[in-house]
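Please examine the model shown here and explain the terms used to describe it.

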Amino acid sequence: MSLLRRPSMNSPNDPLSTISPFRQWLETGYIPLDSEVDQVKGFLESHLIRREVLATQIAEAKMILDSLKEGRAHLQNAIDAHWYIVHPIRRVPKDVWQKIFIYCLPTNHLPVMSATEMPLVLVRVCSLWRDIALSTPILWSSLHFTIPQGRTPRSHLDLTSAAVQAVHDWLGRSAGEKLTISLHWPRDLLNDYGTQEQFPITILQYSPTIRALELNLPSDVLYVLLNSDESSFPCLEEITVRIPTIVGRSCAGGIGIASANIWRVPTLKKVVLESVNAELLDFPLAWTELKELEVSGAAPTSFFNHEEAFSLTLACARLEKLRIQLTQTPRLPSMTDASQFFRLLARPATNGIGDPTQVYLRHLTTLDISDIFVNPRSDTLTFIETLQLPALETLKYRLVERSPTTPFTYVHPLLNFLLGQPHPVKIKGWVVDASSMSRETFINCLALMPQLRQLWICDERELEDRALGAEQFGGCWLPEEVEREICPDDEMFDALWPVSDESVTRDSSANRYV
């Protein structure tokens, strides 16, 4: 049972608190007689009417207020529309918009055909941006395109036709700008229903303005582009070839690509090969003009022994970036005659430093090398020990095929390389595999890099095989891979190889550690 709460009459704004003849009974527990109840009701009758009048006036006032608010909102919209006419953004010159749009292009990948990414998203904002975007050729001068696939032969043909037209529309807006094109064949595309040449043929129509090509295609599709006459690519400077492994599709892996006409393009400055089973030394490249060379992957021809690497870099005096994988397995050249390449490599190599056993690359700033263990008792120098790199700033180093049970009592090849530099070492960034050297060697290498600013230690071993960095979770060791950027402190050294018997002393006459 709820109790009736007596209203308070203490408010000074309440007129009944002063004029009521029943004031003495207010806020008390007095129980009126029947005659007194009638008197109270008679007194309240006029006040009840007044309350209804006030309620009606409040409702009318609220309607007037709502109408005023609505009118103000309409007026504000009209004012805003007129202010937009004179807004400074309307006065931004077209060339400024174009520069803004260009700066908004992706930097970590080429543009793709997506309505939610640059530059296609620009044409969906407003007519002004659409017109500016479509009239800015450089926005459409780069494209990464993945070849589509349909579920049925008919749908695949229709999809291919629409995609080819979309490529034409995109590249057609470039208006003569130098093009960068990436063509990607998805691994699950097993049946192309005879359309495998459609996209290479489409790309060839723009070959006079192509500056860079990135091709991730099966060998049979690659040939359509690579075997075109070299005169078709007068502006080509960069080419990247990756051959994917596609289950269920016959793929030659790149055999025969070495003789393709595209390698004869005289303007080529950058060549990247990944998982290409073709002998690089057979490529008819303008070796002396190359500035970037990257060879990687698991194909047998992706590896070079030390002598081949020495000869290769000897021919590329203008290299600025090199990525190479080494092996101890000797390989026989596939050519049976004395080619121009091998005649070039056979000449004396002084390169201005007077030492035919050294390769002097004055322009090389980046070196990524998977080195190979050489028997330290032999007189053979490792490839890296033959290099003199006065401009080197970034070094990525990994030593493979070294047995942890073999005492490394001789000088580490990387340490020998640093000691053998006749110029100041300018390395600012160093990426090293944690299993590539002992901690003593690591410390000595650090001491020879006075300008080092960034250090990455990569450790791909299972966590239980490491001395530092493993964390136990639920009684199990986490089998994740770790790549960390850390500072050279004492704890870091424990993550490297255990202390070996390697001793380091200085031999001033040989300028080596022994």
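Q: What makes up the area that the protein exposes?
A: The protein exposes about 29,100 Å², and carbon and sulfur atoms supply 54% of it. Accessible areas come from the Shrake-Rupley method with a 1.4 Å probe; for residues, only the protein chains shown count as cover. This is a predicted model: local features need pLDDT of at least 70, side-chain atom pairs count only at pLDDT 80 or more, and totals for chains, interfaces and linings use all residues. Residues are numbered from 1 along each chain as its sequence is written, and side-chain values use heavy atoms, leaving out hydrogens and water.

Q: Why is Val 86 called exposed?
A: The relative accessible area of Val 86 is 52%. Exposed means over 50%, buried under 20%, and partly exposed in between (1.4 Å probe, protein chains only). Val 86 is therefore exposed.

Q: Why is Asn 227 called partly exposed?
A: Its relative accessible area is 40%, so Asn 227 belongs to the class between the limits of 20% and 50%.

Q: How do you know which residues Asn 227 touches?
A: Contact means heavy atoms within 4.5 Å. Not counting residues up to four places away in sequence, Asn 227 touches Ala 260 and Asn 261. Asn 227 and Ala 260 are 33 residues apart in sequence, yet their C-alpha atoms are 4.9 Å apart in space.

Q: What share of the protein is buried?
A: Buried residues make up 39% of the 514 residues.
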